[in-house]
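Student: I should like to learn how to read the features of a protein model. May we go through one together?

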Amino acid sequence: MVMKQLKQYTSQQPRKGNPIKGLPSQVSVINLAYAKMHSKVEDRPDRETLSAGTKILVAVPNKDGQSGKTFDHLSQLAGADSPSVKETQEKKVKRTQKQYVDSDPEKKSSKTTSKDERESKKLAEQAKIMAENIKKNGICMIPLRLALLFGECKYVTSRLDAPVAGIEDIFLGVSVNAPLLSDVLKENLNPMMIRIDNATHLPDTPLSYTQLSEKCLPVYCKYQFLDQPEHITPVKEHKKNIYWEETNVVLLGDIDSGLLMEYLNGPGLEIEVHDRDRKPETENVQPKLFGDDLEDQKIANVGTVESRRTLYNPFEGRDKPWDPYGVARVNLSELLLGHKYLKLKVPILNCPIPDILGKDKSQNGKLIGVAGAVDGPVDAPIQAGHYMDHMSMLNVNIQLAHPVISTASVIAKEHIPLSNKSPFNRIIFMCDYNNLDMLHNIQTLVMSFNAAALGLNTLPQHVIDAALSTYKLSVVQQNSFDLDIVTGFHVLDGEKHIFVLEGRRQGAISTLWDALPQPEDTGSQLYTKLFVEIV
């Protein structure tokens, strides 16, 4: 076998004295992939028909299926055109044919006509949809707040916010010739009118009114009375003094009396003054390859998915970034003294910021989900206004058709019946600083009630004292209406002890009131100064 291959090799070597033939001046290069697409089977040359002197150089495709540059240098030496050159020439021919077609006026006009027909058809479809929408909903909408007729208003008017096609401006009004509610209905429903007149001395620091107009939405107020629908005033431009004169009507007769009493005696009505809500901006994030973005380094971070590109990121109940605003707290407890009209001037304070640790579940939301999340903060909120420095005030008027509690009932100190929806009550004890017997009795009774309610009364006294001092209520116990425990706080100075205690009205609080000595009824209300320092 080896001798046979050696003979073949020696037979192919040039003999002595015979000149060596030079390389051909032109070599045919055949691209198999290109030939399969553009050649027919019968046009291919047969290897047997080729002459012995013809040399054919075949280009072998690469592993990825492309011709590549394997024989580029050799084909250039041989004077042959590479497949890429041939493809470029074919593209030039096609471009020339396309230019010829475009230069033909008949073909060009037909192409333009078809394009115009498509555009006109599209516009006709849009016009048809708009016509159906106008036929169904009208060309514009003017809201009328007919709830104002439940109060003393006999005429309600409204105006078009902005001009629309075919209508420049329009006023719409509804009037009645007599009060809408009779005296019996007024007494049963007892409509309460909450009127926001104006806001004075709104701050222009740290941002001026011009800057606020450029960066923020117009000013508006928002509040919610108990579980009633949220009320939002019309928007106004940024300036020092803003006048709304907006009235909202709440029917107190439809609210449970126990919940109403508890709400009126609570912290009060919070009116939010939004003068720093940023205008929505869409941020176009350019696509990048992995590794070009700085945030790609945080791919291993386990930050929450909800973390968005905002510094203040509330997860619940909010669909926009958090912005600071002002808060005016209106005290409604005077309505429990028989008043039916309040004219209040309430200071505007800064709102509380969201929880930094992300544990707050209130309406203020959360500050940041997880520090260093993948979508890190991009834009910080606008700085809060200096409401206290400018003495910003909000003027509010409240008017009732009938008092919640009559003046005669307040003077006679009659018992106010409450429903089961509000089973809790509050009791306040005030005694002399040196009255140790009263102090000991209150402490003993409260601890005995709580130990019995929590099932600790069978333990020794020192164990009960240690358990109650460190006991933490569960979520179920905090939301329970049947847990008969007493909670509260104790304030003292050098002269007086004050105990503010809360519990079930028909349970421990009632027993506590009966067990402790009651003050004598002198027929007059006692006001005293309390020198209390809260640290």
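**A guided reading**

Tutor: Let us begin with one residue: Thr 247 is buried, because its relative accessible area is 11%, and buried means under 20%. Please keep in mind throughout that the model is predicted.

Student: Where is Thr 247 placed, and which residues does Thr 247 touch?

Tutor: Thr 247 belongs to strand β8, which covers residues 242-251. Leaving aside residues up to four places away in sequence, Thr 247 touches Arg 145, Leu 148, Met 193, Ile 194, Arg 195 and His 231. With Arg 195 there is also a polar contact of 3.5 Å between the side chains.

Student: How many helices and strands are there in the chain?

Tutor: The chain has 14 helices and 16 strands. Of its 535 residues, 28% are buried. Among contacts between residues at least 6 apart in sequence, 73% join residues at least 24 apart.

Student: How should I read a sheet? In what order do the strands of the open sheet of five strands stand?

Tutor: One reads a sheet by following the pairing from strand to strand. Here the order is β7-β6-β9-β10-β12, and the pairing is antiparallel. The edges are β7 (231-232) and β12 (349-350); each has a single partner strand, so one side of each is left without a neighbour in the sheet.

Student: Which bridges does β6 form with β9 and with β7?

Tutor: Three bridges join β6 to β9, in an antiparallel run, and Cys 221 has Val 273 of β9 as its bridge partner. Two bridges link β6 with β7, again in the antiparallel sense; there Tyr 223 stands opposite His 231. Elsewhere in the sheet, β10 (residues 326-330) is joined to β12 by two bridges, with Val 327 partnered by Leu 349.

Student: Which way do the residues of β6 point, and are they buried or exposed?

Tutor: In β6 (residues 220-223), Tyr 220 and Lys 222 point one way, Cys 221 and Tyr 223 point the other way, and all are buried.

Student: How does one read a helix, and what does α8 pack against?

Tutor: An α-helix has 3.6 residues a turn, so residues three or four places apart point the same way. In α8 (residues 257-264), the buried residues are Gly 258, Leu 260, Met 261, Tyr 263 and Leu 264. These buried residues pack against β9 (269-274). The N-terminal end of α8 is capped by Asp 256, with a side-chain oxygen 3.1 Å from the backbone nitrogen of Gly 258.

Student: How are two packed helices described, and at what angle do α11 and α12 cross?

Tutor: Two packed helices are described by the angle between their axes and the distance between the axes. The axes of α11 (residues 436-453) and α12 (residues 461-470) come within 11 Å and cross at roughly 85 degrees. The two helices are therefore roughly perpendicular to each other. By class, their contact has four nonpolar, two polar and one charged residues. Met 447, Asn 450 and Ala 451 of α11 meet Gln 461, Ile 464, Asp 465 and Leu 468 of α12.

Student: What should I look for in the backbone itself?

Tutor: Most residues other than glycine have a negative phi, and most peptide bonds are trans. Here a cis peptide bond joins Thr 205 and Pro 206, with omega about 5 degrees; Pro 206 lies in the loop between β5 (191-200) and α7 (209-215). His 201 is placed in the loop between β5 and α7 and has a positive phi of about 55 degrees. At 35% relative accessibility, His 201 counts as partly exposed. Glu 245 also has a positive phi of about 55 degrees, and its place is in strand β8.

Conventions
Residues numbered from 1 in each chain as written. Predicted model: local features only at pLDDT ≥ 70, side-chain atom pairs only at ≥ 80, totals over all residues. Heavy atoms only, no water. Helix = DSSP H or I, 4+ residues; strand = E, 2+ residues; numbered from the N terminus. Buried < 20%, exposed > 50% of the residue type's maximum accessible area, 1.4 Å probe, protein only. Polar contact = N/O pair within 3.5 Å; in protein donor to acceptor, adjacent residues only side chain to side chain. Contact = heavy atoms within 4.5 Å. Pairing = 2+ DSSP bridges. Axes fitted to C-alpha atoms, helices over the stretch in contact; angles between N-to-C directions. Parallel < 35°, antiparallel > 145°, perpendicular 65-115°, else oblique. Nonpolar A, V, L, I, M, F, W, Y, C, P; charged D, E, K, R; others polar.
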